[in-house]
Amino acid sequence: MKLLSLNCHSWQEKNQLEKIKYLGKTILEENFQIVALQEVSKKIGDETMDFYRLLSEELKGYHGFWDFSHIGYSIYEEGLCIFSKYPIIARESFYVSKDTNTNNWKSRKIVKVTLEVNGNKVDVYSCHMGWWNDEEEPFKEQCDRLLEKIKSSENISILMGDFNNDGNVSGEGYDYLLSKGLYDTYTLAKDSDEGITVLGEIDGWENSFERKRMDLILSTKPLEVEYSKIIFNGKHKKIISDHFGVNIQIRLK
């Protein structure tokens, strides 16, 4: 089973329509069965600028779910989505931030779908989290709310997305996730590359020029991971966002 996670940086990209088509074409060519996307926005009052709808038109045969988290750049309904080749048997969305005011760009909603895969029920989450040291919306509190949701399910859970914490930095959000019993598919993989998904300064990480492994695919069980590779990085497919994507293949027994 092939999975893709990508923060799309939607409508902040040049040649956005071309990049939406390229994303859809790549998903089909690579045969990703599950796709989790973040920063999937639509312009308020303009149905022609709906990233999710436009990508859905490219992905015939996929099941999808999008929900709105907060207003971005004053003019967009910014949300998250999941596309799946497997039928969606349940879906929900919920806030992990303290503030659920959609006018606050720091409010954080998660979207979740439940799928049936080879006889297994799998919960898939598309996540866009806050920052470790944010005084208003600390990552630790958001993480705890997310984990409470996960604990209520007996299914395998796969968490995909932009966690806004660098996997190469110790003692912060990444280590906190692992301390709560989550497994990183990158470290489980039989074959992997360097895993870098952000090259330097981006929104929310001003004056931060380090290369970061910020986009992760985590699980509640130690899955069999064939590989974990970066995509849309200019080497494996064209760059289409300020984040690169994470591409993994797993086997579910």
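1. A word on terms before we start: two strands pair if DSSP finds at least two bridges between them, and helices (H or I, at least four residues) and strands (E, at least two) are DSSP runs, numbered from the N terminus. Please keep in mind that this is a predicted model, in which local features need pLDDT of at least 70, side-chain atom pairs count only at pLDDT 80 or more, and totals for chains, interfaces and linings use all residues. Residues are numbered from 1 along each chain as its sequence is written, and side-chain values use heavy atoms, with hydrogens and water left out.

2. Now the overall picture. The protein chain holds five helices and 13 strands. Its radius of gyration (taken over C-alpha atoms) is 17 Å, close to the 18 Å that the globule rule gives for 253 residues, so the chain is as compact as a globular protein of that length. That rule is 2.2 Å times the number of residues to the power 0.38.

3. One open sheet has six strands in the order E5-E6-E7-E8-E11-E9, with mixed pairing. At its edges are strand E5 (88-95) and strand E9 (183-184), each pairing on one side only. Within this sheet, strand E7 (residues 120-128) and strand E8 (residues 156-162) are parallel and share seven bridges; Val124 has Ile158 in E8 as its bridge partner. Helix H3 (residues 139-151) packs on the sheet and touches E5, strand E6 (109-117), E7 and E8, where contact means heavy atoms within 4.5 Å. The direction of H3 makes about 170 degrees with that of E7; axes are lines fitted to C-alpha atoms, for helices over the stretch in contact, and angles run from 0 to 180 degrees between N-to-C directions.

4. Another open sheet, also mixed in its pairing, has seven strands in the order E3-E4-E2-E1-E13-E12-E10. Strand E3 (63-72) and strand E10 (191-192) are at the edges with a single partner strand each, so one side of each has no neighbour in the sheet. Strand E1 (residues 2-7) runs parallel to strand E2 (residues 34-43), joined by five bridges, and Asn7 has Gln38 in E2 as its bridge partner. Helix H1 lies across E1, E2 and strand E12 (224-231), at about 165 degrees to E1.

5. Finally, a helix pair to look at: the axes of H1 (residues 16-30) and H2 (residues 51-58) come within 9 Å and cross at roughly 45 degrees. Residues of H1 that meet H2 include Leu17, Ile20 and Leu28, and among their counterparts in H2 are Phe51 and Leu54.
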